[in-house]
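Got the viewer open? Here's a short tour, one selection at a time.

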Amino acid sequence: MSSPAPRPRDPDRDPGLQPERTRLAWRRTTLSGTVVAVLAVKTVLHGGASAAGVTAGALCCVLWLGFLSVAHRRIRTLAATPSPVAFAPRHAAAAVLCTVAMAVCGAALVL
C-alpha cells in the first residue's frame with residue numbers, strides 16, 4: 001500500500017498563529033476547570049458538609065491547582081518562543097490525570 005500524497009499547503013493559513021490559538025485554548029480549558037472547582041465547592045457547602053463531600057471538594061480544588069500549574073507552564077512556553085517546543089509527555093499526562101480525576105470527584109459529589 002502506498003502512502004498518501006502530501007497535502008498541499010494552504011496559502012491562506014498562517015502557521016505562526018497556531019501557538020496563539022493553542023494558548024487561547026489552554027486559557028479556555030483553565031476557565032472550564034475553574035468553573036468545575038467552584039461548582040464542587042458550592043455543592044459541598046449547599047449539600048450538607050459530609051466528610052466524603054468535603055474530601056471530594058478539597059481534592060477537586062487541589063486537582064484544579066495542579067491543572068492550573070501545568071496550563072500556565074504551557075501558556076508561558078507558547079508565549080516565549082515563536083516556534084514552541086513539543087509538550088512534554090509527563091506534563092500532558094499530568095493534565096489528563098488532573099482532568100479525569102476532577103471529573104471523578106465531580107461525579108462523586110453528585111451521586
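Start by selecting residues 92-110: the span is 100% helix and 0% strand, with its end C-alpha atoms 27 Å apart. (Helices here are DSSP runs of H or I, at least four residues; strands are E runs of at least two; both are numbered from the N terminus.) Before moving on, note that this is a predicted model, where local features need pLDDT of at least 70, side-chain atom pairs need 80 or more, and totals for chains, interfaces and linings use all residues. Residues count from 1 along each chain as its sequence is written, and side-chain values use heavy atoms, leaving out hydrogens and water.

Next, grab residues 51-71, also 100% helix and 0% strand, whose end C-alpha atoms sit 30 Å apart. An unreviewed UniProt entry labels 51-71 and 92-110 "transmembrane region"; such annotations may be inferred rather than shown by experiment.

Now show Trp 26, Cys 60, Leu 63, Phe 67, Ala 95 and Leu 109. Within the 16-residue largest nonpolar core, they touch the most other members. (A core joins buried Ala, Val, Leu, Ile, Met, Phe, Trp, Tyr and Cys through side-chain atoms within 4.5 Å; buried is under 20% relative accessible area, exposed over 50%, partly exposed in between, with a 1.4 Å probe and protein chains only.) H1, H2 (51-80) and H3 (89-110) each give two or more residues to this core, and H2 gives the most, eight.

Zoom in on Ala 95. Which residues is Ala 95 in contact with, leaving aside neighbours within four places in sequence? Trp 26, Phe 67 and Val 70, where contact means heavy atoms within 4.5 Å.

Last stop: Val 35, in helix H1 (residues 18-46). Val 35 counts as partly exposed because its relative accessibility is 44%.
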